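Here is a brief report on one protein chain. It starts with ring pairs, then turns to cores, a helix contact and a few single residues.

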Amino acid sequence: CLGTSILTDSDSFQDVVVKIERPTYRKPFLGGFKNRITGVEFHNAGSQTIPKTRPDKGIQLFCRETQTVFEKNKPQQTKNTTSTQMTKIGLYVSNMTDKLVSPGKYLTAEEYHKRRLEAVIVLQTYFRRWHAINVVQNLREEKRLRLAWEAQEELRKKKEKEEKLRREHERRLNPKTKEDFELLYHALELWKQEETERINRTLTGAERKAAFCGLLEQEAQLIASIGRHKLNADEENQQKATLRFLAKCAQPKRWKAYDGKITEMDTQYTLRARELFEIYRSISMNDIPKDERTDVLLTLRRTVKEHECKLTWEIVELIDREVDLMSREVKECNLEGLRKRICTLFLQYIKTPKFNPEVARILKVPPDPLKLYKNVNFCHSCENYLPSTEFPVPANSRTIGRCRLCCKLDNEARQREAFLKHKLVLENLRKSEADYQDDAKIVFLVQHQDLQYMIENIWGCQSALSACSDLYELVMVRWDKQREWSPWNTILLTKDEADAHLRLCNLQEAYEAAFIHRIKHKHIRAKNYFAQIPAMASFLHRSDNQANAN
């Protein structure tokens with residue numbers, strides 16, 4: 001707003017408020033003039049009235065400019081004037097460069113299209129020949145690559161089989177783990193059954209009894225040999241387990257930062273554990289010079305003398321005894337028992353949380369005895385109280401049975417079965433189910449005893465497609481990959497068949513009706529077996545409800 005005064009009468013003025021409206025659009029330039037003396041520009045005034053808007057008809061309109069073509073007639077005249085000259089009296093024009101033009105053969109439309117069709121056929125013939133040559137070359141190349149791949153796969157499978165046989169042979173010659181001794185006892189049982197069958201088939205009477213006595217004696221000798229191997233393996237495994245335990249105590253604290261880098265930090269407890277680990281590894285070494293052995297013993301003596309108790313006094317006494325015997329040139333073989341006692345007592349010293357605080361975090365037996373009463377069960381076979389982790393609990397078990405050690409001893413004495421192959425199948429199955437990341441639960445409830453029943457009694461220890469009976473080549477996968485794995489949603493196949501099966505989108509189109517009916521029958525048998533298990537009943541009802549909903 002702007003205030004101004006105007007003259008109303010001859011002597012009076014009146015204040016008037018003038019409202020100025022700011023234009024919402026830019027006014028067009030309507031011309032003007034300029035004072036050449038002062039240089040001031042004067043523009044023609046425009047109205048401040050906003051243009052009236054057209055009413056909206058609800059139809060989108062488009063503006064289009066038109067352009068009129070202006071026609072103009074203009075004559076054209078050649079710049080050069082030409083003329084023709086003929087031979088006449090008094091003028092000779094040469095005809096040496098003239099050409100005689102004669103009309104060709106008249107071509108009808110039918111003949112023209114016929115000739116074009118013949119030309120097209122010729123072109124198609126050559127193109128198809130070129131295309132066929134390329135197709136044949138591609139097929140030959142694919143065949144060559146396929147044959148090379150098949151040869152490579154055959155060679156790979158042959159090498160894997162040879163490597164597997166070599167490992168099994170090495171396991172039987174030098175058994176080290178529980179699975180190795182299972183294979184060894186299983187092989188012993190197979191040999192015993194073959195010999196028993198041969199004796200029953202070929203001998204009778206007194207000769208048969210004598211043969212059975214000889215067989216029993218051979219079996220006892222083989223069991224004793226296996227027992228000696230087992231003692232050596234247990235001693236070696238115990239030493240390795242002790243070193244792994246001490247190395248785990250001596251590891252620094254690790255954590256991952258936000259940028260993915262691993263940060264390590266040593267505390268006073270980890271440094272103490274690492275120092276004790278180095279000393280234990282030094283005193284456990286054999287065939288070292290006397291000077292180095294003496295230095296290690298003196299270091300151990302200074303370390304344990306930091307704490308005064310009955311255990312440290314005994315260690316110091318044994319160290320002084322060994323140093324005295326070494327100074328008297330006693331043979332190394334006579335010092336083995338003494339050195340083992342020192343190692344055993346020092347290991348007991350390391351496993352004491354008072355002397356090595358870091359070990360309290362890893363010990364299986366907690367320092368507080370009250371924690372032992374939570375998950376402890378009684379084994380009726382060996383009559384020992386053991387943690388719940390020492391008891392194998394199959395899916396169909398209703399009570400806590402024997403511990404793992406008693407089950408192993410019973411298996412070695414009676415059935416002598418090898419569960420390594422079934423454990424490998426279960427391990428591969430759990431890995432494949434973990435890759436789906438769909439919160440699968442049933443596969444982790446099933447134990448290797450349940451899987452053994454399924455493989456042997458339901459699937460007949462062979463592939464459902466190729467009838468391959470090598471358990472090292474067999475895997476269990478989902479029958480319907482959209483649903484969680486369960487004993488009633490599985491199929492036993494080889495590794496190559498399983499890869500091809502999981503790539504299928506429609507099982508009804510890929511397999512015949514008879515094959516699908518046979519697989520469904522096996523699923524029904526698995527349902528009837530696992531329906532007796534309370535832990536599986538809820539999953540069974542849930543899968544039935546999902547199937548009915550689908």
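## Aromatic pairs

The structure, a predicted model, holds 11 aromatic pairs. A pair of aromatic rings is described by the distance of the centres and the angle of the planes. Two of the pairs are taken up here.

In one pair, the ring centres of tyrosine 280 and phenylalanine 346 are 6.4 Å apart and the planes meet at 20°, so the pair is stacked. This pair links distant parts of the chain. Tyrosine 280 sits in helix 4 (residues 268-283), and phenylalanine 346 sits in helix 7 (residues 336-350). The two are 66 residues apart. Tyrosine 280 has 4% relative accessibility and counts as buried. Phenylalanine 346 has 0% and also counts as buried.

Tyrosine 453 and tyrosine 529 form another stacked pair. Their centres are 3.9 Å apart, with 20° between the planes. This pair, too, links distant parts of the chain, with tyrosine 453 in helix 11 and tyrosine 529 in helix 14. The separation along the chain is 76 residues. Are these two tyrosines buried or partly exposed? Tyrosine 453 counts as partly exposed, because its relative accessibility is 29% and buried means under 20%. Tyrosine 529, at 17%, counts as buried.

Ring pairs also build a cluster, made up of Tyr280, Phe346, Tyr349 and Phe355.

## Fold and cores

The chain has 15 helices and 10 strands. Of its 550 residues, 24% count as buried. Take the contacts between residues at least 6 apart in sequence: 53% of them join residues at least 24 apart.

In soluble globular proteins, nonpolar side chains tend to be buried together. Which residues of the largest nonpolar core touch the most other members? They are Met454, Trp459, Met476, Trp479, Trp485 and Ile491, out of 36 residues in that core. Several elements each supply at least two residues of this core: helix 9, helix 10 (442-445), helix 11, strand 9 (474-478), strand 10 (490-494), helix 14 (513-530) and helix 15 (534-549). Helix 14 gives the most, with six residues.

Tryptophan 479 belongs to this core. Leaving out residues up to four places away in sequence, tryptophan 479 touches Asn489, Thr490, Ile491, His501, Leu507, Tyr511, Phe515, Ile516, Ile519, Lys520 and His523.

A second, separate core has 31 residues, including Val296, Val316, Ile342 and Cys343.

## Helix 9 against helix 11

Two packed helices are described by the angle between their axes and the distance between the axes. For helix 9 (residues 420-436) and helix 11 (residues 448-458), the axes come within 9 Å and cross at roughly 100°. Helix 9 and helix 11 are therefore roughly perpendicular to each other, since angles of 65 to 115 degrees fall in that class.

Which residues make the contact? Helix 9 brings His422, Lys423, Val425 and Leu426. Helix 11 brings His448, Leu451, Gln452, Ile455 and Glu456. By type, the residues of this contact are four nonpolar, three polar and two charged.

## Single residues

Three further residues are set side by side below.

| Residue | Element | Relative accessibility | Class |
|---|---|---|---|
| Aspartate 180 | helix 2 (residues 178-202) | 5% | buried |
| Arginine 281 | helix 4 | 37% | partly exposed |
| Cysteine 461 | loop between helix 11 and strand 9 | 24% | partly exposed |

Aspartate 180 touches Arg171 and Pro175, not counting residues up to four places away in sequence.

Arginine 281 and cysteine 343 are 62 residues apart in sequence. Their C-alpha atoms are 9.4 Å apart in space. Cysteine 343 is one of the residues of the second core.

Where does cysteine 461 lie? Cysteine 461 is in the loop between helix 11 and strand 9. Setting aside residues up to four places away in sequence, cysteine 461 touches Ile455, Glu456, Cys468, Ser469 and Leu474. Ile455 and Glu456 also take part in the contact of helix 11 with helix 9. Between cysteine 461 and leucine 492, the C-alpha atoms are separated by 8.6 Å, with their positions 31 residues apart along the chain counted as the distance apart.

How values were computed. Residues are numbered from 1 along each chain as its sequence is written. This is a predicted model: local features need pLDDT of at least 70, side-chain atom pairs count only at pLDDT 80 or more; totals for chains, interfaces and linings use all residues. Side-chain values use heavy atoms; hydrogens and water are left out. Axes are lines fitted to C-alpha atoms, for helices over the stretch in contact, and angles run from 0 to 180 degrees between N-to-C directions. Helices (H or I, at least four residues) and strands (E, at least two) are DSSP runs, numbered from the N terminus. Angles under 35 degrees count as roughly parallel, over 145 as roughly antiparallel, 65 to 115 as roughly perpendicular and the rest as oblique. Contact means heavy atoms within 4.5 Å. Ala, Val, Leu, Ile, Met, Phe, Trp, Tyr, Cys and Pro count as nonpolar, Asp, Glu, Lys and Arg as charged, and the others, Gly among them, as polar. Buried means under 20% relative accessible area, exposed over 50%, partly exposed in between (1.4 Å probe, protein chains only). A nonpolar core is a set of buried Ala, Val, Leu, Ile, Met, Phe, Trp, Tyr and Cys residues joined through side-chain atoms within 4.5 Å. Rings of Phe, Tyr and Trp (its six-membered ring) pair if their centres lie within 6.5 Å; planes under 30 degrees apart count as stacked, over 60 as edge-to-face and the rest as tilted.
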